[in-house]
Amino acid sequence: MDIRDYAKVLRRRWLLILLTTVVTVGVAAALTMRMTPQYAAKVRIFVSTTRTGAAELYQGGLFAEQRVQSYANLIDGPELASRVIDRLDLETEPGELTNRIQATVVPKTVILEVRATDPNPAQALRLVDALGKEFVRLVAELETAKDADGAAIKASILGSPSASDRPVSPRLTFNLGLAAMLGLLLGLGLAALREAVDTSLRDADELAELTGAPALGHIPADPDATSKPTLNVVEPHAPRAEAFRIMSTNLQFVEVDKPSKVLVVTSSVPGEGKTVSACNLAITMAKSGQRVALVECDLRRPRIGHYLGLESAVGLTTVLIGRATLSAAMQPFGRDALPVLTGGAMPPQPADLLQSQAFADVLGELRHTFDTVILDAPPLLPVTDAALLAARADGALLVVRYGKTTREQVRTAVERLTSVKGRLIGTVFNRIPLREGKPYYGYSSAKPYGQRRAEREKLVLPPDHVGAALTKLAGTGSHRSNHT
């Protein structure tokens with residue numbers, strides 16, 4: 001992975017990283033706020049030798065430096081804690097008290113710094129005072145031999161104990177900063193793990209490389225798609241409508257030498273939007289004046305009649321069994337009278353009907369009548385119907401849902417098409433988030449390009465503006481000819 005791949009991961013998973021960081025900081029803040037404030041008090045203890053000679057002083061100094069390391073462990077031990085508890089008449093256990101005591105050696109010295117914490121600053125001061133006094137007594141007892149006149153090492157308290165005015169813990173700023181760093185690292189780790197586990201397709205270039213076919217359509221995600229799946233009830237300048245116009249234009253440059261085209265619209269698995277894509281593509285092509293027909297070949301789960309509000313009882317199966325002619329079974333849809341052939345009654349064996357001679361005859365009649373025939377086919381992986389249709393069509397469009405369809409599903413779907421010598425002419429990347437998709441010529445404005453321009457110029461044209469413009473051009477041309 002190069003830096004661009006990491007940037008893509010951050011762009012795709014930024015919400016996960018942000019949420020992880022925020023949750024971690026929130027948990028740290030909650031825990032910090034629930035902690036009891038602790039005040040600290042400290043006292044300094046000097047460890048020295050009682051020797052008087054020069055040589056003895058030097059050796060005693062070395063001996064004191066060695067001893068002071070042991071004394072640090074002695075201060076936060078249970079023996080001294082028990083003495084302090086008895087001295088102050090505390091109702092606590094030695095082990096609990098030692099957790100609140102800390103002793104450190106000042107580097108390259110024989111000075112010990114003793115620190116005690118307590119929710120009450122006065123009590124913390126009493127603790128270190130008792131610790132210092134009891135420690136001096138304990139050292140005297142330990143360092144005095146039975147047959148000696150005095151102790152070779154003695155401990156002395158330097159100055160008076162001091163206490164802090166502000167709590168030393170919890171440290172809110174420090175805890176939140178540390179939690180933010182940990183949350184960010186955890187979020188990055190989760191994002192990397194999610195990226196490694198998630199095999200769904202989220203990049204159009206990767207989709208093109210995987211299928212070996214161009215992405216002819218980039219359909220943006222639309223929050224109104226559930227309530228308004230087809231474009232006949234969508235604003236003409238809506239991003240989704242613009243994306244289908246682009247796809248319709250792209251299809252005109254596929255197989256330009258063929259007088260008619262039969263295209264299969266399918267997907268790898270259910271739920272990728274292939275039926276809605278087929279309907280909207282046919283509606284868009286009909287609006288542009290093309291002779292197009294929409295045929296429902298998904299005889300297992302027919303949905304075109306539901307989406308377009310057409311009769312589903314009479315359709316393709318009715319024509320195939322000879323109970324109706326093709327022209328009688330086709331229904332016009334919308335203002336442009338798009339010819340639609342719904343699925344009809346659900347047959348027991350759809351695959352047998354789709355590979356019958358009767359279906360071949362219907363397909364031939366459709367090819368002869370229309371410039372483009374769009375076949376809505378079932379998904380490729382669950383059943384074989386789509387592969388049978390692709391073998392008889394001029395090409396197939398594979399609908400891939402952003403963030404849901406996996407690489408393996410697409411790879412297997414392409415293999416299914418290849419096995420029947422079907423031709424994948426392109427893909428439709430469906431439900432792309434607006435921040436990821438590129439369906440609008442690179443313009444990033446909130447309103448589509450055409451709509452903003454019309455609103456800015458307040459352009460209002462009469463219904464016959466095309467005819468008037470042609471008449472004007474013809475007159476201009478005649479005038480120029482006469483002039484010449």
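The legends below describe an overall view and several close-up views of one predicted protein model.

Residues are numbered from 1 along each chain as its sequence is written, and side-chain values use heavy atoms, with hydrogens and water left out. In this predicted model, local features need pLDDT of at least 70 and side-chain atom pairs count only at pLDDT 80 or more, while totals for chains, interfaces and linings use all residues.

**Figure 1. Overall view of the protein, with 18 helices and 12 strands.** Helices (H or I, at least four residues) and strands (E, at least two) are DSSP runs, numbered from the N terminus. The protein has 484 residues, of which 41% count as buried; buried means under 20% relative accessible area, exposed over 50%, and partly exposed in between (1.4 Å probe, protein chains only). Among the contacts with a separation of 6 or more, 78% are accounted for by residues 24 or more positions apart, where contact means heavy atoms within 4.5 Å. About 26,800 Å² is exposed by the protein, and carbon and sulfur atoms supply 56% of this area. Accessible areas come from the Shrake-Rupley method with a 1.4 Å probe; for residues, only the protein chains shown count as cover.

**Figure 2. Packing of helix α3 against helix α5.** Two packed helices are described by the angle between their axes and the distance between the axes. Helix α3 (residues 78–88) packs on helix α5 (residues 121–143) at an angle of about 125°, and their axes are 9 Å apart. Axes are lines fitted to C-alpha atoms, for helices over the stretch in contact, and angles run from 0 to 180 degrees between N-to-C directions. The two helices α3 and α5 are therefore oblique to each other; angles under 35 degrees count as roughly parallel, over 145 as roughly antiparallel, 65 to 115 as roughly perpendicular and the rest as oblique. The crossing in which α3 passes α5 is right-handed (a crossing is left-handed if the near helix is turned anticlockwise from the far one by less than a right angle, and right-handed if clockwise). From α3, the residues Leu80, Arg83, Val84, Arg87 and Leu88 take part, and they meet residues of α5 including Arg126, Leu127, Ala130, Phe135 and Glu141. The residues of this contact of α3 with α5 divide into eight nonpolar, no polar and seven charged. Ala, Val, Leu, Ile, Met, Phe, Trp, Tyr, Cys and Pro count as nonpolar, Asp, Glu, Lys and Arg as charged, and the others, Gly among them, as polar. Arg126, in helix α5, counts as partly exposed at 41% relative accessibility. Arg126 and Leu88 are 38 residues apart in sequence, and 8.2 Å separates them in space, C-alpha to C-alpha.

**Figure 3. Packing of helix α8 against helix α9.** Helix α8 (residues 239–251) and helix α9 (residues 274–287) pack at an angle of about 75°, and their axes are 9 Å apart. These helices, α8 and α9, are therefore roughly perpendicular to each other. Arg240, Phe244, Arg245, Met247, Ser248 and Leu251 of α8 meet Ser277, Asn280, Leu281, Thr284 and Met285 of α9. The contact of α8 with α9 comprises five nonpolar, four polar and two charged residues.

**Figure 4. Surroundings of Leu316 in helix α11.** Helix α11 spans residues 316–320. With 0% relative accessibility, Leu316 counts as buried. Beyond its neighbours within four places in sequence, Leu316 is in contact with residues including Val295, Cys297, Leu341, Gly343, Phe359 and Val362. Leu326 lies 10 residues from Leu316 along the chain, and their C-alpha atoms are separated by 8.0 Å.

**Figure 5. Surroundings of Asp203 in the loop between α6 and α7 (204–211).** Asp203 counts as buried, at 17% relative accessibility. Not counting residues up to four places away in sequence, Asp203 touches Lys8 and Phe429. Although Asp203 and Phe429 are 226 residues apart along the chain, their C-alpha atoms are separated by 9.1 Å.

**Figure 6. Backbone geometry at Pro170, Ala337 and Arg431.** Most residues other than glycine have a negative phi, and most peptide bonds are trans. The peptide bond from Ser169 to Pro170 is cis, with omega near 0°, and Pro170 is found in the loop between β4 (153–163) and α6 (172–197). Ala337 has a positive phi, near 50°; this residue is placed in the loop between β8 (331–333) and β9 (338–341). Ala337 counts as partly exposed, at 42% relative accessibility. Arg431, in strand β12 (residues 424–432), has a positive phi of about 55° although it is not a glycine. Arg431 counts as partly exposed at 38% relative accessibility.
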